[in-house]
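Reader: I should like to discuss the packing in this model. Please show the sequence and structure before we begin.

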Amino acid sequence: KLDMAEAIVYESLNARDKAIYDMKVGRHGKSAIPNQQIAQRLGVTPALISQRSAQIAGQMQDLIHRGQV
């Protein structure tokens, strides 16, 4: 279920959120790195990385809990 939720949510993300997700979890050819490094690479704050990561994870959990995957 998680793989399907991941795919559905990933496709709905904008380019910056896809980059955050890829660097956060080490997917799509990226290495997993800490929020501080992600923030530096994208020119945003680490707090924004934490916020967006939590929102992405929440979207995946919502799909699973609602039984949509």
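The exchange below concerns a predicted model.

Reader: Which elements give two or more residues to the largest nonpolar core?

Author: The largest nonpolar core has nine residues, among them A5, V9, Y10, I56, M60 and L63. Two or more residues come from each of the elements α1 (2-12) and α4 (46-65). The elements asked for are therefore α1 and α4, helices being numbered from the N terminus.

Reader: Which residues does V9 touch, not counting residues up to four places away in sequence?

Author: V9 belongs to the largest nonpolar core, as do I56, M60 and L63. With residues up to four places away in sequence not counted, V9 touches I56, Q59, M60 and L63.

Reader: What separation is found between the C-alpha atoms of L2 and Q61?

Author: L2 is found in helix α1. Its contacts, leaving aside neighbours within four places in sequence, are with M60 and I64. L2 and Q61 are 59 residues apart along the chain, and their C-alpha atoms are separated by 8.3 Å.

Reader: How is α1 oriented to α2: roughly parallel, roughly antiparallel, roughly perpendicular or oblique?

Author: α1 and helix α2 (residues 15-25) pack with their axes 8 Å apart, at an angle of about 140 degrees. Angles over 145 degrees count as roughly antiparallel and 65 to 115 as roughly perpendicular. The angle falls in neither class, so α1 is oblique to α2.

Reader: How many charged residues has the contact of α1 with α2?

Author: The contact is made by E6, Y10 and E11 of α1 together with K18, Y21 and D22 of α2. By class, there are two nonpolar residues, no polar ones, and the charged residues number four.

Methods. Residues numbered from 1 in each chain as written. Predicted model: local features only at pLDDT ≥ 70, side-chain atom pairs only at ≥ 80, totals over all residues. Heavy atoms only, no water. Core = buried A, V, L, I, M, F, W, Y, C linked by side-chain atoms within 4.5 Å. Buried < 20%, exposed > 50% of the residue type's maximum accessible area, 1.4 Å probe, protein only. Helix = DSSP H or I, 4+ residues; strand = E, 2+ residues; numbered from the N terminus. Contact = heavy atoms within 4.5 Å. Axes fitted to C-alpha atoms, helices over the stretch in contact; angles between N-to-C directions. Parallel < 35°, antiparallel > 145°, perpendicular 65-115°, else oblique. Nonpolar A, V, L, I, M, F, W, Y, C, P; charged D, E, K, R; others polar.
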